[in-house]
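Visitor: I would like to learn how the labels on a model are earned. Could you take me through the reasoning?

Guide: Gladly; let us look at the model together.

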Amino acid sequence: MMTRRLLQLLLGLAMYGVSLAMFIRAGLGLDPWDVFHQGLAVKTGLSIGTVVVIVSFLVLLLWIPLRQWPGIGTLCNAVLVGVFADVGLALIPALSHLGGQIGMLAGAILLNGIASACYIGARLGPGPRDGLMTGLARRTGWSVRASRTGIEVVVLGAGWLLGGSIGVGTVLYALAIGPLVQLLLPRFTVPEFKPKVPVVAADPAAARPVP
């Protein structure tokens with residue numbers, strides 16, 4: 001069971017990084033966090049994958065006052081999404097035709113949904129950004145939705161000011177990703193292992209009446 005969980009985690013993170021590269025190549029707008037990542041990449045000259053890794057570990061520092069603890073999936077997420085984003089950008093060409101851009105955007109949203117369901121369903125720890133959202137909700141009493149909305153509005157605004165790409169893809173991602181992950185997550189969630197309790201046969205002699 002653990003082997004399946006690890007393989008599903010790694011596959012999900014690889015797909016997530018590639019989906020980020022697809023969003024960028026589509027050129028129609030990114031999700032809020034990646035608008036921020038792209039804006040930082042524009043300003044620093046670093047690759048977007050490198051920025052994703054750096055921001056992931058900076059976000060993990062915010063877990064400390066929230067008393068959140070990372071799992072192996074959290075640490076893998078912090079490293080591998082950025083690595084595979086750069087791999088995807090090296091392999092996927094930029095598109096200039098609108099039809100190709102729309103197709104790439106649709107594929108990116110679908111792949112991102114599958115990737116999210118895979119790594120969440122592996123149950124090996126939330127990603128740095130997801131953990132920040134849930135930790136903030138737990139410590140403040142806000143709803144998870146309010147915490148997520150507040151965080152994403154901040155990073156989206158900061159990313160836009162830094163030069164990140166906002167467009168129709170940003171809106172479509174916001175509308176589609178929740179229902180898509182909700183639909184796919186039951187298919188990818190690894191069931192919790194419950195060891196079988198051995199059944200001890202009753203001793204027939206013990207059931208006999210004492211003369």
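Guide: A word on names before we start: helices are DSSP runs of H or I with at least four residues, numbered from the N terminus. Please keep in mind that this is a predicted model. With that naming, Arg-67 falls in the loop between H3 and helix H4 (72-91).

Visitor: What makes Arg-67 count as exposed?

Guide: Exposed means over 50% relative accessible area. Arg-67 has 59% relative accessibility, so Arg-67 counts as exposed.

Visitor: What is notable about the phi of Arg-67?

Guide: Most residues other than glycine have a negative phi. Arg-67 is not a glycine, yet its phi is positive, about 60 degrees. Arg-123 also has a positive phi, near 55 degrees, and is a residue other than glycine. Arg-123 sits in the loop between H5 and helix H6 (128-140).

Visitor: Why is Arg-123 called partly exposed?

Guide: Partly exposed lies between the 20% and 50% limits. The relative accessible area of Arg-123 is 35%, and therefore Arg-123 is partly exposed.

Visitor: How do you know that the structure holds zero disulfides?

Guide: A disulfide needs a pair of cysteine sulfur atoms within 2.5 Å. For Cys-76, the nearest cysteine sulfur is that of Cys-118, 14 Å away, and Cys-76 is in no disulfide. Seen from the other end, Cys-118 has the sulfur of Cys-76 as its nearest, at 14 Å, and is in no disulfide either.

Visitor: And is Cys-118 buried or exposed?

Guide: Buried means under 20% relative accessible area. Cys-118 has 3%, so Cys-118 is buried.

Visitor: What makes the pair Glu-152 and Arg-148 a salt bridge?

Guide: The cut-off is 4 Å between a side-chain nitrogen of Lys or Arg and a carboxyl oxygen of Asp or Glu. The side chains of Glu-152 and Arg-148 come to 3.0 Å, N to O, and meet in a salt bridge. By this rule the count is one salt bridge. Both residues belong to helix H7 (residues 144-162), four residues apart, which is about one turn of the helix. Glu-152, at 21% relative accessibility, counts as partly exposed, and Arg-148, at 35%, is partly exposed too.

Visitor: How is the packing of helix H2 and helix H3 described?

Guide: Two packed helices are described by the angle between their axes and the distance between the axes. Helix H2 (residues 32-44) and helix H3 (residues 48-66) pack at about 115 degrees, and their axes are 9 Å apart. H2 passes H3 in a right-handed crossing. On the H2 side the contact includes Trp-33, Phe-36 and Leu-40, and on the H3 side it includes Ile-48, Val-52 and Val-59. The contact residues divide into nine nonpolar, three polar and one charged.

Visitor: Why is Ser-116 called buried?

Guide: The limit for buried is under 20%. Ser-116 is at 6% relative accessibility, so Ser-116 counts as buried. Ser-116 is found in helix H5 (residues 98-121). Apart from neighbours within four places in sequence, Ser-116 is in contact with Tyr-16, Gly-121 and Val-181.

Visitor: What makes Phe-57 partly exposed?

Guide: At 37% relative accessibility, Phe-57 counts as partly exposed, because that value lies between 20% and 50%. Phe-57 has its place in helix H3. Leaving aside neighbours within four places in sequence, Phe-57 is in contact with Ala-78 and Val-79.

How values were computed
Residues numbered from 1 in each chain as written. Predicted model: local features only at pLDDT ≥ 70, side-chain atom pairs only at ≥ 80, totals over all residues. Heavy atoms only, no water. Buried < 20%, exposed > 50% of the residue type's maximum accessible area, 1.4 Å probe, protein only. Helix = DSSP H or I, 4+ residues; strand = E, 2+ residues; numbered from the N terminus. Axes fitted to C-alpha atoms, helices over the stretch in contact; angles between N-to-C directions. Left-handed = near helix turned anticlockwise from the far one by under 90°. Contact = heavy atoms within 4.5 Å. Nonpolar A, V, L, I, M, F, W, Y, C, P; charged D, E, K, R; others polar.
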